[in-house]
Amino acid sequence: MILTGELIINLIITLFRIAGGLFLAIVIGISLGFAMATKPLVRNFFDPIVTLTYPLPKPALVPLTMVWLGVTNKAAVFVIFLGAILPVIINTFHGVKSVDDRLIWAAKSLGTPEKNIFWKVVLPASTPYIANGIRIALPVAFIVSISVEFVASRAGMGNLISYYSDFGFYDYMFAVILVFVLVAFVIDRVTVAIMERYLRWYDGK
Amino acid sequence: MGRSKISVRGLSKVFNPLKGNPVVALENVNFDVEEGEFIAIVGPSGCGKSTLLYMIAGFIQPTKGEIIVDGRRINSPGPDRGIVFQEYALFPWLTVEGNIKYGLEEKGLDQDEIDEKVSKYIRLMGLEGFEHKYPKELSGGMKQRVAIARTLAYEPEILLMDEPFGALDAQTRELLQEELLRIWEETRKTVLFVTHSVDEAVYLSQRVIIMTCRPGRVKNTVNVRLDKTLSREDVITSREFVETRHKVWVDVREEVMKHYCIVEG
Amino acid sequence: MENEAFSGAERAVSLNLRETIGSFISSAYSILVIAIVWELVGRSEIVPYYFLPPLSDVLRSLVVHIADGTLLYHTGVTLFRAMTGYVIASFVGVSLGLLMARFKSANWFFEPIVALLLPLPPLTLVPAFILWFGIGHLSKIMMVIVACVFIITASTYHGVKNINPYYVWSARSMGTSESKILRKVVLPNALPFIFNGLQVTLPISLIAAFVFEMVSGGSGLGSVEIYSARFFKAPELYSSLVLITLVGFIFDRIILKIRSRILSWY
């Protein structure tokens, strides 16, 4: 009984952190990806930064955010955000870059003014890529959240796992691991199902 | 004779003019198109016929020369010129209905008018029952029907078609050719039809413009006088068809052989 | 096509040193800007030293600790764990994938296991692995294996299963024996898929070893970084970050090189 109560509270904490970090990563990542694909100035600035930070194992940022923001929720959300944003940026960028010129031409000759091309064509045409970026960012967010909770948190599933392990409650520890894995699995499936529902027009080429 | 519908004057296009290897796609192209005329443009692959069409559509700018439509020099896409691409270029995220609606909504028509036109062109192109399908669920022929319906629904005065039936199988191709002719007879729009099929050009058009290989120039113009009221069988076995076809074919073949220029580009 | 090839060759010839430097500055100026801002902010003491030490201090610490061998030692430890696990995972993963694709019984047995373990975030198991395998090399290597092996298995399996049957038929009709078909047709065809698996898992091997070191301590770059953070030794913290990024970057380049060499036909 004690386990269930603690489990639910900590699961909610972890999921909130993941949701917060992912939300920021998606909003800022999509905007940046679009800006980089359409504005050479923005691209020139961020391209080397993305290239340089891409191979960085994202959990390595945990100690850094620990120093910056302490052992706080803010730190956890921030490091999840940092881990999840790159795949969103990169996929959005490629999505925008791969929009067929002819679609834009077709829209223009059907009367769409230049300033609306983005909303009418570029954005809907790149949604499959953006969705893919989010799909990749999702497990990264889970991994980073667990890492940050192992080493720099007073709550959350990772914290609970290492707590039970430190005090030798191995049965509890495995129960928490199992729940977390199940929840991660279900969230991934649900995300994929939602994406497939909304992208059923996409022929995957 | 009155003013031409489309007038192409001294048109040239050079790609990469400032870089290492400029490619002269078109050089000093001149021709006029009358209102309601059906023109076919034929030539070997890579002769710049699509480039020519894209410039008339206003998607790319000429290096030299000008294009005049209805007395106005054009430099951007406009609602007076509708285009149909070989690869359909349907919006994959919109249904058949959504695609046909697109231009009408951009035009700002009211809902009743939109619905009426959509159902009219769905009927015209034989798309009943497919209204709520997405492009990926359709065959190539059906996709091209939707693309043509989308362009026609917008009611442009000029129809620009870039090898629209090039990716279709032979049967579908013939079927759509006949439907295009029927629609043209009904609406008498001005049509510019790019193809590399000599048969298609002669069967469909009133006048065939033959292009030279890179750089593309107008090599010859052949008038076609066929009785379009006859059935397809009767048309393609008629003496006029065979003779005209031969005339065009000799010109095109000469170009292909001269350069052997299957430098796709 | 010909034109493109030509212009490519021309570009290669005209590429001289000045252009290289020029294009580097124009393409990486943001890095320079960040480096300068970093140095200035660090020097200005707007933020505490442990928060952001000047870049020059970080670089000095990097040089000092590389020179005295400590950082190289820890990098070596992390690399040893990641690579050992990665190599084992590659062998096991590819063999398992091939077995599953070729033999129904193997597939029947392993398929549910792989399906279950593939989506599992392996790092949740760190405390369990400490329990089972201690905090030495073994636990970290095991973690790297678990994190990588199922991805490689799945990609190998798909590579073999995705083969165009025409290739197999035409090989058979030319008299290739069944045992040779595996080596001469099936394997080359699966290679791009296998490589995808190997490419995806290489950084994962590094992450698995690194995070394990962060959590369990001992030695390795991960433990250096978390230790520096706990004791607010900022230059060491940043220099271990720089080093791990560098290792990740080199890994990435190596696999791309190998890929382009082996799969030049793909």
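This is a guided tour of a predicted model, with stops in chain B, at its contact with chain A, and in chain C.

**Stop 1: the sheet of chain B**

Start by selecting the strands β6, β7, β8, β3, β9 and β10 of chain B. Listed in that order, they form an open sheet of six strands with mixed pairing. Look at the two ends of the row: β6 and β10 (218-223) of chain B are the edge strands. Each has a single partner strand, so one side of each is left without a neighbour in the sheet. If you turn the view to look across the strands, the twist to look for averages 15 degrees from one strand to the next.

Now zoom in on the edge formed by β6(B). Which strand is its partner, and in what sense do they pair? The partner is strand β7 (residues 158-162) of chain B, and the two pair in the parallel sense over four bridges. To see one of these pairings, pick B:Val84 and then B:Met161, its bridge partner in β7(B). Add α4(B) to the selection as well: this helix packs on the sheet and touches β6 and β7 of chain B. The direction of α4(B) makes about 175 degrees with that of β6(B).

**Stop 2: strand β8 of chain B**

Step along the sheet to strand β8 (residues 190-195) of chain B. Is this strand buried or exposed? Six of its six residues are buried, so β8(B) is largely enclosed by the rest of the structure. Show the side chains and you can sort them by direction. B:Thr190, B:Leu192 and B:Val194 point one way from the strand, while B:Val191, B:Phe193 and B:Thr195 point the other way. Both sets are buried.

β8(B) has parallel pairings to show you with two strands. With strand β3 (residues 38-42) of chain B, it is joined by five bridges. With β7(B), it also pairs in the parallel sense, over five bridges. A good residue to centre on is B:Val194. Opposite this residue stands B:Ile41, and B:Asp162 stands opposite B:Val194 too.

**Stop 3: helix α2 of chain B and the contact with chain A**

Next, bring chain A into view together with chain B. Here 20 residues of chain B are in contact with 14 residues of chain A. Which elements of chain B give two or more residues to this side? They are β6 (81-84), the edge strand from the first stop, and α2 (96-107). The helix α2(B) gives the most, with four residues. Colour the chain B side by residue type and you will find 13 nonpolar, two polar and five charged residues.

Stay with α2(B) and hide chain A. The helix has a set of buried residues: B:Val96, B:Glu97, B:Asn99, B:Ile100, B:Lys101, B:Tyr102, B:Gly103 and B:Leu104. To see what covers them, select α3 (111-124) and α4 (140-153) of chain B, which are included in that cover. You have already met α4(B) packing on the sheet. Then follow the backbone out of α2(B) to B:Gly108, whose phi is positive, near 80 degrees.

**Stop 4: chain C as a whole**

Switch to chain C for a change of scenery. This chain has 11 helices and zero strands. Of its 266 residues, 35% are buried. A contact map would be a useful companion here: among contacts between residues at least 6 apart in sequence, 71% join residues at least 24 apart.

**Stop 5: a helix pair in chain C**

Select helix α8 (residues 165-173) and helix α9 (residues 178-216) of chain C. They pack at an angle of about 160 degrees, with their axes 11 Å apart. The two helices are therefore roughly antiparallel to each other, and their crossing is right-handed. On the α8(C) side, the contact is made by C:Tyr167, C:Val168, C:Ala171 and C:Arg172. On the α9(C) side, pick C:Ile181, C:Lys184, C:Val185 and C:Asn189. Together, the residues of this contact divide into five nonpolar, one polar and two charged.

**Stop 6: C:Ser90**

Finish at C:Ser90, which sits in helix α4 (residues 70-102) of chain C. Why does C:Ser90 count as buried? The reason is its 21 C-beta neighbours inside 10 Å, where the cut-off for a buried residue is 20 or more. Leaving aside residues up to four places away in sequence, C:Ser90 touches C:Ile152 and C:Leu198. For a last distance to display, try C:Ser90 and C:Gly197: they are 107 residues apart along the chain, and their C-alpha atoms are separated by 9.0 Å.

Definitions and conventions: Residues are numbered from 1 along each chain as its sequence is written. Chains are lettered from A and ligands numbered from 1 in the order in which they are written. This is a predicted model: local features need pLDDT of at least 70, side-chain atom pairs count only at pLDDT 80 or more; totals for chains, interfaces and linings use all residues. A residue is buried if 20 or more other C-beta atoms lie within 10 Å of its own, exposed if 12 or fewer, and partly exposed in between; C-beta atoms are placed from the backbone. Two residues are in contact if their C-beta atoms, placed from the backbone, lie within 7 Å. Ala, Val, Leu, Ile, Met, Phe, Trp, Tyr, Cys and Pro count as nonpolar, Asp, Glu, Lys and Arg as charged, and the others, Gly among them, as polar. Axes are lines fitted to C-alpha atoms, for helices over the stretch in contact, and angles run from 0 to 180 degrees between N-to-C directions. Angles under 35 degrees count as roughly parallel, over 145 as roughly antiparallel, 65 to 115 as roughly perpendicular and the rest as oblique. A crossing is left-handed if the near helix is turned anticlockwise from the far one by less than a right angle, and right-handed if clockwise. Two strands pair if DSSP finds at least two bridges between them.
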